[in-house]
Amino acid sequence: MPNILVTGGAGFIGSNFVYYMLEKHPDYRIVCIDSLTYAGNLSTLEKALQNENFRFVKADITDREAVDKLFGEENFTAVVNFAAESHVDRSIESPEVFLKTNILGTQVLMDMARKYGNIRYHQVSTDEVYGDLPLDRPDLFFTEETPIHTSSPYSASKASADLLVMAYYRTYKLPVTISRCSNNYGPYHFPEKLIPLMIINALHGKSLPVYGDGLNVRDWLYVEDHCKAIDMILHGGRIGEVYNIGGHNERANIDVVKTVLSILGKDESLITYVKDRPGHDMRYAIDPTKIKNELGWYPETTFENGIKKTVEWYLQNEAWWQEIVSGEYMNYYEKMYKDR
Ligand code: NAD
Ligand code: DAU
């Protein structure tokens with residue numbers, strides 16, 4: 001029976017991946033390790049915990065002893081590493097934990113993958129490692145050959161991890177792959193990120209803080225399409241290769257915010273332009289030709305459908321996000337947005 005270790009499975013994309021895999025491969029065992037930082041939420045995995053093929057372990061991926069113990073107990077056939085500090089704004093405030101989790105955590109996992117029989121290892125990376133593209137060159141896209149050129153402590157930590165993954169491939173022949181996906185959206189997205197933040201603020205009639213002039217572009221992908229791509233890479237990807245994932249869905253932030261408002265039937269007067277993010281990347285845009293040609297991947301959910309489904313999910317799952325926004329999150333929000 002394939003036995004897959006999913007790290008960071010109590011977070012946004014990791015939890016969607018857990019559900020995707022349990023449904024797609026009912027004969028697989030899925031083990032999740034997550035330290036339940038502010039971004040991890042066990043209630044997200046409530047339904048998975050009822051599945052006998054699923055196990056949850058609360059531990060930190062930088063805790064070598066705990067990770068070693070887990071690998072000793074289980075007979076993993078693959079590792080998919082989602083666990084990370086993932087929010088750019090937080091990395092600007094406090095970079096250190098980003099370096100620890102995102103780089104050293106990756107190292108611990110790969111050391112254990114080596115120790116326990118050269119286990120297949122997949123690193124979930126990001127398009128942010130390529131830096132950004134100018135707004136006036138819509139013909140340019142990130143390919144797997146685009147040089148690494150990072151902007152924030154977050155992206156620098158993810159790029160460092162990618163370099164380490166490739167070093168373990170070349171030096172130790174660890175069977176690795178890396179995926180670099182564009183911005184995800186969908187269920188269980190933590191409220192500090194653009195789309196859920198705007199949905200929740202709009203529902204509360206609070207102002208919607210748009211950084212700078214709102215013209216920065218992100219390339220949005222429905223989270224399930226990202227999960228599908230990782231599953232395909234895990235099963236058919238070539239070892240030692242990087243795969244970009246994205247569905248040619250570029251939108252200016254201000255247009256995304258207006259779309260959310262229009263779905264909710266709220267007024268655009270809620271929009272407030274606030275001080276820009278330092279080092280703010282202008283545009284991300286993925287060229288997914290490689291994964292399409294090699295693995296036959298394509299995105300199934302259009303932005304128009306995906307954003308409606310997402311808003312609907314937040315309306316239907318208020319208990320999930322109310323628990324978050326009523327706790328420690330409020331202190332973060334006050335600190336981050338007070339003087340903007
Ligand atoms: P998230 O912040 O929602 O979740 C991260 C999860 O990792 C949380 O459950 C958290 O508790 C856990 N975690 C953090 N530090 C840990 C540690 N030291 N040990 C164990 N668990 C720990 O993040 P996300 O948005 O789901 O992103 C998941 C991965 O995908 C990240 O590696 C991120 O870089 C990458 N990625 C994200 C996006 C996106 O749009 N969100 C796009 C491309 C790539
Ligand atoms: O591209 C992939 C990356 O996408 C992932 O690697 C990161 O983990 C993920 O957080 C995301 O990074 P971004 O910085 O693009 O996402 P965020 O939701 O923080 O911001 C999206 C855009 O919206 C960005 O241009 C900043 C802007 N923004 C964000 C917030 C939170 C605002 O204008 N106002 C806000 O309040």
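This passage walks through two helices, a pair of unusual backbone angles, the cysteines and the internal space of a predicted model.

Helix H2 is a good place to start. Phe71 sits in this helix, which spans residues 64-73, and with a relative accessibility of 2% Phe71 counts as buried. Setting aside residues up to four places away in sequence, Phe71 touches Leu5, Phe76, Val79, Leu109, Met112, Ala113, Tyr116 and Ile119. For a sense of distance, Arg29 lies 42 residues from Phe71 in sequence, and the two C-alpha atoms are 14 Å apart in space.

Phe71 has company in H2, where the buried residues are Val67, Leu70 and Phe71. These residues cover an arc of only 100° around the axis, so they end up on the same side of H2. Over on the other side of H2, Glu65 and Lys69 are exposed. As for what covers the buried residues of H2, the list includes strands S1 (3-7), S2 (29-34), S3 (54-58) and S4 (78-81), along with helix H4 (96-115).

Helix H11 can be read in a similar way. Within its run of residues 318-325, Trp320, Trp321, Ile324 and Val325 are buried. Looking down the axis of H11, the buried residues fall within an arc of 115°, and therefore line one face of the helix. The face turned away from that buried side carries Ala319 and Glu323, both exposed. The packing partners of the buried residues of H11 are helices: H6 (194-203), H10 (303-316) and H12 (329-337).

Next come the backbone angles. Most residues other than glycine have a negative phi. Lys173 is not a glycine, yet has a positive phi of about 60°. Lys173 is found in the loop that runs between helix H5 (153-172) and strand S6 (176-181), and counts as exposed at 59% relative accessibility. Tyr188 also has a positive phi, near 65°, and is likewise a residue other than glycine. The place of Tyr188 is in the loop between strand S7 (184-185) and H6. Tyr188 counts as buried, at 14% relative accessibility.

On the cysteine side, the structure holds 0 disulfides. Cys32 is in no disulfide, and the nearest cysteine sulfur, belonging to Cys227, is 13 Å away. Cys32 is also buried, with a relative accessible area of 0%. Cys227 is in no disulfide either; for Cys227 the nearest cysteine sulfur is that of Cys181, at 9.2 Å. Cys227 is buried too, with a relative accessible area of 1%.

That leaves the empty space inside. Rolling a probe the size of a water molecule over the atoms shows where such space is left. The structure holds 1 cavity of 30 Å³ or more, and about 50 Å³ of space lies in the largest cavity. The lining of the largest cavity consists of Val88, Glu128, Ser151, Ser152, Arg218, Arg277, Pro278, Gly279, His280, Asp281 and Tyr284. By character, that lining divides into 3 nonpolar, 4 polar and 4 charged residues.

Notes. Residues numbered from 1 in each chain as written. Chains lettered and ligands numbered in written order. Predicted model: local features only at pLDDT ≥ 70, side-chain atom pairs only at ≥ 80, totals over all residues. Heavy atoms only, no water. 1 Å grid on protein atoms, 1.4 Å probe; cavity = no way out; pocket = protein on both sides within 12 Å on 5 of 7 lines; lining within 4 Å. Points joined across faces, edges and corners; volume = space filled by probe spheres on them. Nonpolar A, V, L, I, M, F, W, Y, C, P; charged D, E, K, R; others polar. Buried < 20%, exposed > 50% of the residue type's maximum accessible area, 1.4 Å probe, protein only. Helix = DSSP H or I, 4+ residues; strand = E, 2+ residues; numbered from the N terminus. Arc of directions from axis to C-beta. Contact = heavy atoms within 4.5 Å. Disulfide = S-S within 2.5 Å.
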